[in-house]
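Trainee: I should be grateful for a close look at one part of this protein, namely the surroundings of the residue that the database record marks as the active site. Please begin with the overall build of the chain and work inward from there.

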Amino acid sequence: MTLDPRPYLRLASASPRRRELLASIGVSVEVSPVDLDETPLPGEAPRDHVLRLARDKALAGHAAGGPVTLGADTVVVVEGRVLGKPRDAGHARSMLQDLAGRSHEVMTGVAVQGPAGLLTRCVVSRVTLRDIPAAEMADYWRTGEPHDKAGGYAIQGLGSVFVTHLEGSYSAVVGLPLCETAEILRRQGVPLWNLPVS
Ligand SMILES: Cc1cn([C@H]2C[C@H](O)[C@@H](COP(=O)(O)OP(=O)(O)OP(=O)(O)O)O2)c(=O)[nH]c1=O
C-alpha cells in the first residue's frame, strides 16, 4: 500500500496545535490562516459564538479553494462569561484568578466545508484548576505560554501543573476535538490515518 502525501484538507487556522492534532490522526493539511474579529456579539451565547467563528473561518478559508476546509474556535467559559486570549499580564492574571480553585467549561466549535456541505460540532469539556498563588501567576505569564491561549493557560504545556481534573475531550481543550472532527472529515471524504484516498 502506498501512502498519499497530498494535503486534502485546507486548515483555516494559524494554530500550530490544530495542525499537530490533525497530523496526529494522519491528516496533513495546507494552512490558510483567517484573521477575524473574535469579539462576542452582544448577548451571544458561548456555544453560538464558537460555532459562528468556526463557520466563518471555514467559509473564509474555503474561498481560497480546495475540496475541504476546516475552521475551529476555542473559548473558556466561566459563569457564562467568555474568556478569549489575554491582552496583557494584568488581563491574564484576572483570567487565572477567575479560573483558579474551581472548574470551568472549555468550548470548541469545529466547522468543515466540503462536498457534504457545512458540517459543524460544538464540544464542551470541564476543567478544574487548583488554587494558584499570585507569584505563580506572574511566573507563568513570564514563560510566554499563556499569551495565545484561551483562558490564559495551556493544559498541554506548562499550565498542566494547575489542572486537577478534566471531564470531556482533551484534544478539544487543546483546540480540536479529534473524535468528532474525524467523524466529520470521514463524511467529507477526507482520508484519516495516512491512508490513500479510495
Ligand atoms: C484552554 C486552552 C486553549 N488552547 C488554545 C487553543 C486555541 O489555539 C487557542 C484559542 O484561540 P482560537 O481563536 O480558538 O485559535 P487560534 O487563534 O490559536 O487559531 P485560529 O483562530 O487561527 O484558528 O487557545 C490551548 O492550546 N490549550 C488550552 O488548554
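Mentor: In this predicted model, the protein chain has a radius of gyration of 17 Å, which agrees with the value near 16 Å that a compact globule of 198 residues would have. Along the principal axes, its C-alpha atoms fill a box of roughly 55 × 40 × 25 Å. Of the 198 residues, 40% are buried. Among contacts with a separation of 6 or more, 69% join residues that are 24 or more positions apart.

The secondary structure comprises six helices and seven strands. From one end of the sequence to the other, these elements follow the order β-α-β-α-β-β-α-β-β-α-β-α-α. Strand 3, which spans residues 68-78, deserves particular attention, for the residue in question, D73, belongs to it.

Consider next the nonpolar interior. The largest nonpolar core contains 50 residues, and A54, L70, V110 and V112 have the most contacts inside it. Strand 3 supplies six residues to this core, the largest share. A54 offers a convenient way from the core to the residue of interest: beyond its neighbours within four places in sequence, A54 is in contact with G71, A72 and D73, with G109, V110 and A111, and with T120.

We thus arrive at D73 itself. The "active site" label at D73 comes from an unreviewed UniProt entry, and such an annotation may be inferred rather than shown by experiment. D73 counts as buried because 26 other C-beta atoms lie within 10 Å, where 20 or more suffice for that class. When residues up to four places away in sequence are set aside, D73 touches V50, L53, A54, K57 and G109. A54 and G109 therefore recur here: D73 touches both, and A54 is itself in contact with G109.

The ligand shell brings strand 3 into view once more. The ligand is surrounded by 23 residues, of which S13, A14, S15, I155 and G175 are the closest. Two elements, strand 3 and helix 5 (170-174), give two or more residues to this shell. Strand 3 gives the most, with four residues. By character, the shell divides into eleven nonpolar, six polar and six charged residues.

To draw these points together, strand 3 holds D73, provides the largest share of the largest nonpolar core, and gives the most residues to the shell around the ligand.

How values were computed:
Residues numbered from 1 in each chain as written. Predicted model: local features only at pLDDT ≥ 70, side-chain atom pairs only at ≥ 80, totals over all residues. Near = placed C-beta within 6 Å. Nonpolar A, V, L, I, M, F, W, Y, C, P; charged D, E, K, R; others polar. Rg over C-alpha atoms; globule rule 2.2 N^0.38 Å. Buried ≥ 20, exposed ≤ 12 C-beta atoms within 10 Å, placed from the backbone. Contact = placed C-beta atoms within 7 Å. Core = buried A, V, L, I, M, F, W, Y, C linked by C-beta atoms within 7 Å.
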